[in-house]
Amino acid sequence: MNANHHESSGPTRTQQITLRGPAELADALPFVLGFHPTDSVVLVALHGEHGRFGGRVRLGIPRSPREWASTADHLAECLVEGGARSGTRPDGIVVFLCQDPAPGETGRRVMERLRPFAQRLRTACGALDIPVYEALCITDGLYFSYCCPDQRCCPPDGTPLALTGTSVMAAAAAYAGVQVRGSQRDMEARLKPRGGPRDEEQRAALDAAAASIVPRILEGAEGQGREEVRETTVRLAREILRRFVNPKSPKSPKSPRDQAGAAGVPSSVSPVLPMVPGRPAGATAADDAADDALITTDEAAVLVLGLQDRVTRDRAAEWMEGWEGTAALRLWRVLARRCVTPYQEHAAAPLTLAGWTAWSTGDEPTARVALGLALDADPEYVFARLLHQACNEGLDPESLRSCLRSERDARAAAEQDVPSTSRRVRMRAGRRPGTPLTLRKPGRQTGGRDRRPAAGVRPGEPAAGRPGSGTPRHGGQRGSRSGR
């Protein structure tokens with residue numbers, strides 16, 4: 001093969017690693033992404049005479065070949081336009097197709113099945129005047145080249161991937177302290193419902209929360225109900241963050257009534273207490289199960305429904321640094337796992353928050369996986385799309401962190417300026433300290449086009465399909481979302 005020489009920006013900005021040929025390119029992919037991709041198409045931009053690695057985009061391989069053409073065009077445009085915005089339009093592109101064989105399928109069969117997709121990706125990039133220097137299929141522990149005609153280096157039956165830790169890229173990453181997070185499938189498993197006997201209990205809690213929260217938001221006088229739901233959601237989420245700091249405080253509560261109590265947090269819990277920094281990349285299922293045990297089904301339901309409101313979600317995004325960021329990432333993972341059928345679409349909010357928090361705290365691999373799942377849950381979720389694009393383009397999250405800090409400081413200053421009489425009125429309208437943390441069900445609906453189904457109707461049930469009934473689409477009730 002007439003190998004191109006590609007210089008990866010590598011584990012550090014000062015160290016350069018020259019990769020020669022498809023074998024070293026295939027081995028470098030997990031280090032470029034931070035994890036082993038599964039069922040993914042990845043495009044990596046190359047810059048300069050020596051092909052320095054730049055931006056990259058990753059997407060799940062569409063199951064239907066009819067979607068391959070549009071997907072190829074979209075990916076090529078995203079990568080090229082992203083580079084152009086940053087002032088570094090790619091000079092070339094490397095394509096990776098990663099997919100495990102189906103039962104009874106060989107690696108070569110996977111390669112042949114995906115060949116039309118690889119060709120469509122090459123023509124899509126060529127249409128933008130960007131050449132594809134290499135296109136690889138990685139499957140079943142083998143790699144295949146779609147570009148190299150030399151069977152001496154790229155035999156038709158594939159070439160085994162290098163043993164883990166034996167390549168020049170692995171050596172450089174080990175020297176720099178860079179670790180691959182495992183497989184994409186394992187990382188996604190931490191952000192998806194796991195199934196089991198508790199799913200029905202969580203589903204019932206989500207139904208009850210939707211029946212209470214959605215009408216309250218829609219019928220509150222001049223937005224009062226919506227504001228009360230926001231405050232309740234933020235207060236509960238903040239308490240649970242501190243619960244992660246001191247996990248001994250909850251004692252197997254059965255509902256938010258038992259845990260939330262007054263608006264404040266028990267004096268024994270302090271945000272400045274030392275804490276173990278989150279769950280490491282190699283966290284076990286037992287670690288996640290311990291986090292799950294800290295949040296009841298009722299609490300999770302209130303938070304999942306409350307976060308569908310854009311303002312509430314943006315306030316939650318302010319927990320992005322220090323102990324708050326560490327605890328928040330664990331909380332968003334738990335909530336994403338609680339979005340059981342038919343509430344999968346509601347997972348877009350906690351998944352996006354997980355992606356943002358991970359990106360803000362420097363964990364880009366987790367951020368890309370979480371944001372990818374958020375877009376799977378809701379492809380039109382604007383916040384996830386913007387974050388996913390910014391993360392893939394290698395932008396600095398500090399600009400968004402600064403904006404969120406300003407919003408938080410401005411709100412805190414405004415709250416301090418509120419006259420004491422207004423505060424007393426607001427406290428009287430809200431929940432009294434010591435009363436149960438509930439979202440009362442309001443009276444009869446009077447709305448127009450914003451009418452929502454009556455309390456107790458579960459999304460996706462046969463009765464919800466009547467024309468004109470005002471019921472939401474399958475995937476869970478979403479009337480509480482006020483934007484994305």
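This report walks through the sheet, the nonpolar cores and the cysteines of a predicted model.

## The sheet at a glance

Let's begin with the strands. Six of them form an open sheet, and reading across it gives the order β4-β3-β5-β6-β7-β8, with mixed pairing. The two edges are β4 (52-60) and β8 (159-160), each of which pairs on one side only. As background, strands of a sheet pair through backbone hydrogen bonds, either parallel or antiparallel.

A helix also packs on this sheet: α2, covering residues 68-85, lies across β3 (40-47), β4 and β5. Relative to β4, helix α2 runs at about 145°.

## Around strand β6

Strand β6 is a good place to pause. It spans residues 132-139 and is mostly covered, with 7 of its 8 residues buried. On one side it meets β5 (residues 92-98): the two run parallel and are joined by 6 bridges. One pairing to look for is V95, whose bridge partner in β6 is A135. Between these strands comes helix α3 (residues 107-127), and together β5, α3 and β6 make a right-handed β-α-β unit.

β6 also pairs with β7 (residues 142-145), this time in the antiparallel sense, over 4 bridges. Here L136 has S145 in β7 as its bridge partner. The hairpin of β6 and β7 has 2 residues between the strands, and D140 takes a positive phi near 55° there. From β7 the sheet continues to β8 through 2 bridges, again antiparallel, and L142 stands opposite P160 in β8.

## Two nonpolar cores

Which residues have the most contacts inside the largest nonpolar core? They are F96, F244, I295, W319, L331, W332 and L335, in a core of 80 residues. Take W332 as an example: leaving aside residues up to four places away in sequence, W332 touches L307, A316, W319, P350, L353, A354 and T357.

Apart from the largest core lies another, of 29 residues. Among its members are V41, V95, A124 and L142. Two of these names appeared earlier: V95 as the partner of A135, and L142 as the residue opposite P160.

## The cysteines

How many disulfides does the model have? The count comes to 0. C153 is in no disulfide, and its nearest cysteine sulfur, that of C148, is 3.4 Å away; the cut-off for a disulfide is 2.5 Å. C153 is partly exposed, with a relative accessible area of 27%.

C154 is in no disulfide either, and the nearest cysteine sulfur to it, that of C148, is 3.6 Å away. C154 is buried, with a relative accessible area of 9%.

Key:
Residues numbered from 1 in each chain as written. Predicted model: local features only at pLDDT ≥ 70, side-chain atom pairs only at ≥ 80, totals over all residues. Heavy atoms only, no water. Core = buried A, V, L, I, M, F, W, Y, C linked by side-chain atoms within 4.5 Å. Buried < 20%, exposed > 50% of the residue type's maximum accessible area, 1.4 Å probe, protein only. Contact = heavy atoms within 4.5 Å. Pairing = 2+ DSSP bridges. Right-handed = clockwise from strand over helix to strand, strands pointing away. Axes fitted to C-alpha atoms, helices over the stretch in contact; angles between N-to-C directions.
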